[in-house]
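Visitor: I would like to learn how to read a fold from its coordinates. Please take me through one example.

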Amino acid sequence: MTKEAQLAFKQQLKQFAEQQLQQRITVIREKMEAAQQSANNEEKSSAGDKYETSRAMNHLEKEMHGKQLAENLKELSLLYEISVSSLHDKVIPGTVVQCKAVCFFIAAGLGKQTIANTLVIFLSPHAPLAAQLRQKQVGDTWEFNKQLLTIEAIF
C-alpha cells in the first residue's frame, strides 16, 4: 500500500468511527427521550405502587442511557483529537497496525468492522490490547484470539 493509500485508509477509518459514534449518540438520545416521555405519560392509577414502580424503572432506564451517552460523547471527543494526517512507525492513537488477516485501528472502541473489504478491529487507545500493541514493531508476532499474528505494517 502506498503512503497516499495508507493516509486515505486512515482518514476513511476515522470518518467511519465518527459516523458510528454520532449514530450511537443519536440513538441513545432518542431512547432517553422515549424513557422520559414514558415516565411523563404514566397515569396515576388506583394501584399507586405500580405507578411509582413504573416511574422508577423509567428513571433508571434514562439514567443508564445518560451514562452511555456520556461515554460515547467522551469517546467522540477523544476521536476528534486524533490526527490521521501522518504516518507512524510506532503504535500511538491514530495508528493502523496491519497484519495478514486483520488490521487494528487505535482510535475508538467500536470492535470488529469491515471497511473496504478489510477486517478492522477498532480499539480505544485505553484498551489493554492497544497498550499491548504499543510495545510491538513491524515483524513482531503475538497471540490474539488463539491465532498467531505477525505485524506486517504500522502506519
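**Reading the sheet, the core and the rings**

Guide: This is a predicted model. Strand 1 (residues 96-99) and strand 2 run antiparallel and are joined by three bridges.

Visitor: What holds strands of a sheet together in general?

Guide: Backbone hydrogen bonds pair the strands of a sheet, in a parallel or an antiparallel way. Here Gln98 has Cys103 of strand 2 opposite it.

Visitor: How many strands form the sheet, and in what order?

Guide: Six strands, in the order 3-4-2-1-6-5. The sheet is open and its pairing is mixed.

Visitor: Which strands are the edge strands?

Guide: Strand 3 (111-115) and strand 5. Each of these two pairs on one side only. On average, neighbouring strands of the sheet are turned by 35° against each other, direction ignored.

Visitor: Which strands does helix 1 lie across?

Guide: Helix 1 lies across strand 1, strand 2, strand 3 and strand 4. With strand 4, helix 1 makes an angle of about 60°.

Visitor: Now the interior. Which residues have the most contacts inside the largest nonpolar core?

Guide: Phe9, Leu13, Phe105, Val120 and Phe122. That core has 24 residues. At least two residues each come from helix 1 (3-41), helix 2 (48-81), strand 2 (103-106) and strand 4 (118-123). Helix 1 gives the most, eight residues. There is also a second, separate core of 17 residues, with Ile106, Leu123, Ala127 and Leu129 among them.

Visitor: Which residues is Phe105 in contact with, leaving aside neighbours within four places in sequence?

Guide: The contacts of Phe105 include Lys10, Leu13 and Lys14. Val84, Gly94, Thr95 and Val96 are also among them. So are Val120, Ile121, Phe122 and Leu123.

Visitor: On to the aromatic rings. What describes a pair of them?

Guide: Two quantities: the distance of the ring centres and the angle of the planes. By the rule used here, the count is four aromatic pairs. One of them is Phe104 with Phe144, at 5.2 Å centre to centre and 85° between the planes. That pair is edge-to-face.

Visitor: Where do Phe104 and Phe144 lie?

Guide: Phe104 is in strand 2 and Phe144 is in strand 5 (residues 141-144), so their pair ties together parts 40 residues apart in sequence. Phe104 is buried, at 0% relative accessible area. Phe144 is buried too, at 16%.

Visitor: Why is the pair of Phe105 and Phe122 edge-to-face?

Guide: Because the planes of Phe105 and Phe122 stand at 90°, with the ring centres 5.7 Å apart. This pair also links distant parts of the chain, from Phe105 in strand 2 to Phe122 in strand 4, 17 residues apart. Phe105 and Phe122 are both buried. Together with Phe16, they form one aromatic cluster.

Visitor: Last, the cysteines. How many disulfides does the structure hold?

Guide: Zero.

Visitor: Why is there no bond between Cys99 and Cys103?

Guide: Because their sulfurs are 7.4 Å apart, too far for a bond. The cut-off for a disulfide is 2.5 Å. For Cys99, the closest cysteine sulfur is the one in Cys103. For Cys103, the nearest is that of Cys99.

Visitor: Are these two cysteines buried or exposed?

Guide: Cys99 is buried, at 2% relative accessibility. Cys103 is buried as well, with a relative accessible area of 4%.

Key. Residues numbered from 1 in each chain as written. Predicted model: local features only at pLDDT ≥ 70, side-chain atom pairs only at ≥ 80, totals over all residues. Heavy atoms only, no water. Buried < 20%, exposed > 50% of the residue type's maximum accessible area, 1.4 Å probe, protein only. Core = buried A, V, L, I, M, F, W, Y, C linked by side-chain atoms within 4.5 Å. Helix = DSSP H or I, 4+ residues; strand = E, 2+ residues; numbered from the N terminus. Contact = heavy atoms within 4.5 Å. Phe/Tyr/Trp six-rings, centres within 6.5 Å; stacked < 30°, edge-to-face > 60°. Pairing = 2+ DSSP bridges. Axes fitted to C-alpha atoms, helices over the stretch in contact; angles between N-to-C directions.
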